[in-house]
Amino acid sequence: MAETATVARPYARAAFRHAADHGALAPWSVLLAAGAIGSREVAKADPDGHTLVLGWNHQVRALVSELAVANENQQGLAIVFLVTDDDKPEVDRLLFGREFDLRGTRLVVRSGTRSHEADLRRVAIETARSVVVPRGEDGDPGVVKCLLAVRSAAPDFEGPVVEIGRAHV
């Protein structure tokens, strides 16, 4: 599998050419700087660690409320989500489109693949204090791939890793 930087390079070059051709290098530079800050935000989110949720199912909404209550006495802790590009708009709508009493807990949503080590490192798996793996459309095989990727990306991780199943309707 190609590294993320290798895959992204042609797109970055095309974006740079487009910005240069249209005299928009300054705004392009501002957007790149903002993106870089956002990607570092997770890594330094919490000195005491963050809860990392690797995927999405509808049980996660209830989990957010429960984690907010559990984190209430430690203001500023974060719940960081790593979801697919396809799930990100729905997750953003469900998490940010309704009122949660987050009790000081921050929500951060990133897109990526939960079984890719590079994406796990991007959401600071090594500094997480706990990991939640929701069972998704990929079922048990997806959960197992995710757990193996967690072990590979952060072999010294000692926090709890919890799988939550899909709700039966």
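Okay, let's start with R103: at 31% relative accessibility, R103 counts as partly exposed. Before I go on, this is a predicted model, so keep that in mind throughout. R103 sits in the loop between α4 and β3. What caught my eye is its backbone: phi of R103 is positive, about 50 degrees, even though R103 is not a glycine.

There's another residue like that. A124 also isn't a glycine, and its phi is positive too, near 60 degrees. You'll find A124 in the loop between α5 and β4. Is A124 buried or exposed? A124 is buried, because its relative accessible area is 1% and the cut-off for buried is under 20%.

Right, on to the helices. Take α4, residues 88-96. Its buried residues are V91, L94 and L95. Those residues cover an arc of only 90 degrees around the axis, so they end up on the same side of α4. If you want the background, an α-helix has 3.6 residues a turn, so residues three or four places apart point the same way. The face of α4 turned away from that buried side carries P89 and R93, which are exposed. And what sits over the buried residues? The cover for α4 includes α3 (59-70), β2 and β3 (106-111).

Now α6, which runs over residues 139-153. This helix has 15 residues and reaches 21 Å from its first C-alpha to its last, close to the 21 Å expected at 1.5 Å a residue. Which residues of α6 are buried? They are G139, G142, V143, C146, A149, V150 and A153. Again they share a side of the helix, because the arc they cover around the axis is only 125 degrees. Flip to the other side of α6 and you get P141, K145 and L148, which are exposed. Among the elements covering the buried residues of α6 are β1 (51-54), α5 (117-122), β4 and β5 (161-164).

Let's look at a couple of strand residues. V132 is in β4, residues 130-134. With a relative accessibility of 8%, V132 counts as buried. Leaving out residues up to four places away in sequence, V132 touches T51, L52, V53, L54, L63, V162 and I164. There's also a nice through-space pairing here: V132 and E163 are 31 residues apart along the chain, yet 5.8 Å separates their C-alpha atoms.

T51, one of those contacts of V132, belongs to strand β1. T51 counts as buried because its relative accessibility is 3%. Beyond four places in sequence, T51 touches L67, A78, I79, V80, R129, S130 and V132.

Last stop, for anyone thinking about pockets. The second largest pocket holds about 350 Å³ of space. It is lined by 19 residues, and the closest to its centre are T84, D87, R114, G136 and D138. Which elements give two or more residues to that lining? Those are β2 (78-83) and α6. As for the chemistry of the lining of the second largest pocket, the classes come out as three nonpolar, nine polar and seven charged residues.

So α6 turns up in two places today: it has a buried side with G139 on the list, and it gives residues to the pocket lining. That's what I had.

Note on methods:
Residues are numbered from 1 along each chain as its sequence is written. This is a predicted model: local features need pLDDT of at least 70, side-chain atom pairs count only at pLDDT 80 or more; totals for chains, interfaces and linings use all residues. Side-chain values use heavy atoms; hydrogens and water are left out. On a 1 Å grid over the protein atoms alone, a cavity is a set of points where a 1.4 Å probe fits but cannot get out, and a pocket is an open set with protein on both sides within 12 Å along at least five of seven lines; lining residues have an atom within 4 Å of a point. Grid points are joined across faces, edges and corners, and a volume is the space filled by probe spheres set on the points. Helices (H or I, at least four residues) and strands (E, at least two) are DSSP runs, numbered from the N terminus. Ala, Val, Leu, Ile, Met, Phe, Trp, Tyr, Cys and Pro count as nonpolar, Asp, Glu, Lys and Arg as charged, and the others, Gly among them, as polar. Buried means under 20% relative accessible area, exposed over 50%, partly exposed in between (1.4 Å probe, protein chains only). Contact means heavy atoms within 4.5 Å. The expected span of a helix is 1.5 Å times one less than its number of residues. The arc is that of the directions from the helix axis to the C-beta atoms.
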